[in-house]
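Ready for a few hands-on exercises? Have a look at the model first, then try each task before you read its solution.

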Amino acid sequence: MSGLAGKRGWRRVALAVMAMAAAGPLALPASPVWAAGEAAEQQVGAAAAGIAVDESARLPALKTNEVTGDFLGLGHDQRAVLEEAVTGLNGSSVKLRIYDGKGDKLKETTLSLGEWKPPRGVLADPWAHHGWADRAGLTGTKISAGKDGNLYVAGILGKVPDFYAAALVKIDTRHDMRQVDTKVVPLVRIDGDINRAPIVTSLDVGVVNGVETLAVGQSAGGVRLYSTSDLGFQGAVYEDWKRWSYMTWGRDLVTAVKFSGEGSVKTPEGNKVTGLAIGRLAYDYEDYSTHSLYMVDPAAKKGLWQQVESAHFDSGEIKAPTAFAFDDENQRLAVSWWHEKQKDGRLESLQIRDTSSGQELLHSAPIGPAARLSFVKVGSNGELHLVVGSRETDTNQVLVHRSGDLLEAIDLLSSGRASKTVPDFEMRSWFPGYKSLRLSVVNTTGKKLEARLKASDSGDKGCWSNIQVGQLPPFPSSSFTPIRASEKSADFASVVLTSGPAGACGTEERRFGYIEVQPVGEPGMRSVVKLKQQGSQLGAVEQVGSGVLKITAENLGDIGSGQQQLVVSLAAGAPEAVRAPQVAGKRLTTTSPDGDPARPVYRFDVTDAAWKVPGADNDLTGTQLPAMTVQGTTNGLVWEDLGKLKPVTAPALTGDTVTLGKSSFYWENVKDARQYTGIRVQSGGMVSQPVVLRDLPAPSLGTEELTLSFLRPITESPLRANGIDQEPVEVALKPRTSPALDASRPEYDRVFYRGEGKMLLTGLLDVDNPYSHAAISSLPGPYVNEDDFLMSASGSERFRAYLTTANAARDQKFTAYFQNTEGKPFAFSSTIAVSPRAAKLRPVPVPGGIGVEVEKQSPTDSCKEGACRIADTRVGPALFQSHEATAIGISLRTQVITGTSSLPLLAPGVDLGRFPSGEPLKKSSIAVINRNTAEVESKNEWSSKIHGIMVSHGDQIEIVDFSAQ
């Protein structure tokens with residue numbers, strides 16, 4: 001080094017692996033020198049299992065006198081701050097205060113510790129003429145945090161300069177800020193014969209080989225390590241750093257220490273260890289200051305890499321690493337350098353280095369000196385940001401890597417304006433962390449379900465988000481995810497945000513999301529449940545919807561480390577058949593159309609089938625019952641299914657008992673096929689008495705030949721292909737010389753109908769081809785398009801039958817048949833063709849409420865007066881076409897609930913100081929105020945969009961994102 005004496009400027013020692021030798025007084029050994037000390041009690045702590053860490057949820061510390069963490073066990077971060085430190089002739093003291101994210105003081109205590117201040121006039125600091133050590137934050141009291149709310153504080157005991165010593169104090173914040181232990185830092189022998197008391201320049205807590213360890217950087221004597229369990233001494237790193245100057249605490253001092261996470265630093269041999277980053281500044285006898293950056297493995301007593309540079313002291317430049325942050329996931333180390341330059345001020349680029357090699361990866365533009373660095377993951381995409389807590393309160397920054405090798409400052413909100421630097425209080429309101437859930441849905445209903453989770457990371461809309469965590473995909477939020485009957489869904493990730501804009505997510509009261517669950521394709525059966533963080537558990541705290549489903553939260557572990565399940569069950573049990581159908585048969589012909597007396601045509605009328613539907617007399621909005629099954633037998637012993645039967649007439653509700661409306665079906669045995677001798681009808685587990693076909697009397701035929709006419713009237717409301725909507729048709733039996741028979745004549749009761757290929761319209765649903773179903777019956781249901789029914793040319797009303805179809809095909813052909821005279825061909829009508837309406841119905845705002853119209857495909861498609869009627873469930877239950885073709889859909893009540901677009905709900909009157917819990921989920925009924933208009937009752941109570949289901953002409957019409965105002 002003598003060859004460089006008198007030279008002004010920097011000299012560089014290359015970055016190298018620590019296994020090196022160097023001459024001169026600043027040479028470093030190949031491995032750290034460990035001092036003998038007390039044996040540490042080994043406390044091996046197991047890392048929490050599970051997918052989530054909450055690193056980013058930690059409010060970043062901005063100053064050297066503070067540290068952040070959940071010290072009081074509140075479920076969110078607080079700040080522990082050392083304030084009002086005093087060291088003087090009468091002793092030392094410092095206030096330890098804990099603040100919440102808003103700055104409210106929660107607890108405080110006074111410690112008998114102070115900060116080191118050299119007496120006036122004493123050249124106790126080799127850089128006293130610059131005030132460097134004090135400006136760099138090396139002389140104040142120090143604080144660091146361990147597990148379970150323990151804090152570690154370092155400061156000065158006694159009086160300066162004559163009688164003082166550095167000391168460590170352990171404080172248990174969860175037990176009244178109790179001081180658990182105190183440890184005096186031992187004197188350091190300088191140059192072999194002088195014992196001096198060092199001061200503590202930096203502190204950090206980490207885990208080394210499973211033992212929580214406190215690293216203490218000193219003004220002399222290197223870095224000492226202590227077990228946090230009892231402050232037992234574990235050894236020292238670089239204990240040879242003992243250069244001394246007149247009446248001072250050091251010329252060779254530690255400027256920063258920081259532990260990495262366990263196993264996040266790789267050694268040259270490929271082992272994964274806890275790393276310890278160390279900053280150093282020294283002043284040698286040749287007036288050179290040397291700044292150094294080291295990475296060591298404290299467990300193996302081995303240095304990994306180092307960077308050393310030096311400059312002549314008279315150059316007016318002082319440089320040293322003073323703040324570190326580890327990005328353990330990506331094996332990176334952020335390093336901030338204190339850099340004083342007389343001409344240019346204190347500016348230095350911040351660096352990102354590889355933790356295993358020390359290679360510089362990224363850097364920032366020159367920025368002001370940093371007091372603290374913190375990596376956080378931001379928002380729903382988990383993007384990594386670096387928070388730079390400045391020593392100047394108005395210059396805190398957040399840096400991100402966008403491209404190249406440059407870290408860029410992002411815009412933050414400062415006093416309502418975008419700014420790249422913000423004051424302390426605004427920076428503390430920005431932190432955006434999360435705790436993650438491994439969330440699944442358990443379906444115990446026996447039905448196929450679908451679910452989605454509506455969430456927002458906005459502080460006023462729930463502090464909840466769906467993002468990928470590790471290998472877990474995010475819970476679907478836009479489209480529904482299907483869940484098979486009696487199975488569990490896949491595991492999804494969902495996260496509870498623990499911070500956010502203006503600190504709005506800093507309390508549990510602001511953390512909620514909304515799960516929407518419904519049977520597949522059945523929005524009318526939807527339930528919406530508010531999910532909420534309740535301590536370490538997930539809770540389902542509010543539910544609105546159909547009353548069909550019940551959703552409960554099960555916690556198989558804590559949020560952030562275990563599994564959470566949402567169990568979906570039937571709210572009040574499954575419907576149960578309680579009364580068997582009554583079946584009455586009638587023989588319509590004496591023979592088949594081809595003259596076979598063994599194969600006549602029959603009609604069967606079915607009534608009185610009843611079901612007990614739990615909740616129907618309470619809040620249940622609807623149910624789906626299995627269609628009745630028509631069975632036939634050839635021997636009275638073995639019964640075979642012939643088809644399904646669904647009524648088109650309205651059901652009745654008494655208490656919680658639903659009685660199905662009357663229905664009819666036709667039957668004839670097919671030539672050369674199985675010849676059935678008996679018919680019965682099954683509803684649930686209840687079976688009717690069988691009808692023996694041979695016991696049904698033959699009809700009494702007439703002697704006069706009648707002609708049969710069959711006309712489809714022209715109406716303004718075409719038939720809807722849902723198997724429930726009905727189109728009236730005219731049927732007329734007419735003698736040759738007389739007017740048509742009156743509609744009340746019994747002959748009309750023997751008319752039957754055939755489709756294409758002369759196949760009998762049985763009215764039974766084929767389970768293998770349910771959407772080919774069509775029927776014509778004399779039973780009018782609630783959805784008969786007969787307001788515009790045209791009268792016959794003579795002005796007298798003819799007999800009406802009612803056509804329904806589930807087939808959307810155009811030009812479906814039907815023919816009416818009738819037998820009146822024995823031995824002559826059956827009378828039959830001309831064929832009519834029907835083309836059902838394919839366009840969907842949709843809700844529309846109308847004066848006074850909500851109406852229904854056909855999705856417009858032509859100017860004539862809009863519903864006219866008397867059409868598109870809304871079913872009034874206050875009068876009685878309404879039939880609708882179920883998503884399951886073989887189920888009978890029954891709407892019991894018409895209600896609306898909080899709309900999908902309103903989720904997540906905006907908290908009303910947002911006041912970030914009070915942290916309201918959010919607008920509650922709502923429900924209200926719909927009243928039909930006339931046949932074409934529905935109104936939301938109590939609509940003035942709504943401040944959000946609504947979702948609901950109305951029924952019109954057998955179709956469920958989903959009300960999506962309507963305003964009830």
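Two residues are in contact when they have heavy atoms within 4.5 Å. Keep in mind that this is a predicted model.

**Exercise 1. Work out where Thr-815 sits and what it touches.**

Step 1: Find the element. Thr-815 belongs to strand S60, which runs over residues 812-818.

Step 2: Is Thr-815 buried or exposed? Buried means under 20% relative accessible area. Thr-815 has 9% relative accessibility, so it counts as buried.

Step 3: List the neighbours. Skipping residues up to four places away in sequence, Thr-815 touches Phe-710, Phe-752, Tyr-753, Arg-754, Phe-828, Ser-829, Ser-830 and Thr-831.

Step 4: Pick out a polar partner. The side chains of Thr-815 and Thr-831 make a polar contact at 3.0 Å.

**Exercise 2. Describe the second largest pocket and its lining.**

Step 1: Start with the volume, which is about 960 Å³.

Step 2: Go to the middle. The lining has 38 residues, and Gly-755, Lys-758, Met-759, Leu-760 and Leu-761 are the closest to the centre.

Step 3: Which elements give two or more residues to this lining? They are strand S48 (639-645) and strand S60. S60 makes the largest share, with 5 residues.

Step 4: Sort by class. You get 15 nonpolar, 14 polar and 9 charged residues in the pocket lining.

**Exercise 3. Now look for closed spaces: how many cavities of 30 Å³ or more are there?**

Step 1: Count them. There are 8 cavities of 30 Å³ or more.

Step 2: Take the largest cavity, which holds about 290 Å³ of space. Its lining has 31 residues, with Lys-646, Val-648, Gly-723, His-773 and Thr-804 the closest to its centre.

Step 3: Name the contributors. S48, strand S51 (663-667), strand S58 (774-777) and strand S59 (799-805) each give at least two lining residues. The largest share, 4 residues, is from S51.

Step 4: Sort this lining too. It divides into 16 nonpolar, 12 polar and 3 charged residues.

**Exercise 4. Compare the settings of Tyr-514 and Asn-555.**

Step 1: Place them. Tyr-514 is in strand S37 (residues 512-519), while Asn-555 is in strand S40 (residues 549-555).

Step 2: Check accessibility. Tyr-514 is at 0%, so it counts as buried. Asn-555 is at 23%, so it counts as partly exposed.

Step 3: Look at the contacts, again leaving out residues up to four places away in sequence. Tyr-514 touches residues including Arg-452, Val-528, Leu-903, Pro-904 and Glu-919. Asn-555 touches Gln-537, Leu-538, Gln-563 and Gln-564.

Step 4: Zoom in on Asn-555. Its side chain joins that of Gln-537 in a polar contact of 3.5 Å. A polar atom of the Asn-555 side chain also lies 2.8 Å from the backbone nitrogen of Leu-538.

**Exercise 5. Which residues have the most contacts inside the largest nonpolar core?**

Step 1: The core has 60 residues, and those with the most contacts inside it are Ile-515, Phe-604 and Phe-665.

Step 2: Follow Phe-604 outwards. Neighbours within four places in sequence aside, Phe-604 is in contact with residues including Val-583, Phe-665, Trp-667, Ile-679 and Leu-696.

Step 3: Find the other core. Apart from the largest one lies a core of 30 residues, among them Leu-706, Val-731, Leu-741 and Leu-803.

Note on methods:
Residues are numbered from 1 along each chain as its sequence is written. This is a predicted model: local features need pLDDT of at least 70, side-chain atom pairs count only at pLDDT 80 or more; totals for chains, interfaces and linings use all residues. Side-chain values use heavy atoms; hydrogens and water are left out. On a 1 Å grid over the protein atoms alone, a cavity is a set of points where a 1.4 Å probe fits but cannot get out, and a pocket is an open set with protein on both sides within 12 Å along at least five of seven lines; lining residues have an atom within 4 Å of a point. Grid points are joined across faces, edges and corners, and a volume is the space filled by probe spheres set on the points. Ala, Val, Leu, Ile, Met, Phe, Trp, Tyr, Cys and Pro count as nonpolar, Asp, Glu, Lys and Arg as charged, and the others, Gly among them, as polar. A nonpolar core is a set of buried Ala, Val, Leu, Ile, Met, Phe, Trp, Tyr and Cys residues joined through side-chain atoms within 4.5 Å. Buried means under 20% relative accessible area, exposed over 50%, partly exposed in between (1.4 Å probe, protein chains only). A polar contact is a pair of N or O atoms within 3.5 Å; within protein, one must be able to donate a hydrogen and the other to accept it, and residues adjacent in sequence count only if both atoms are side-chain atoms.
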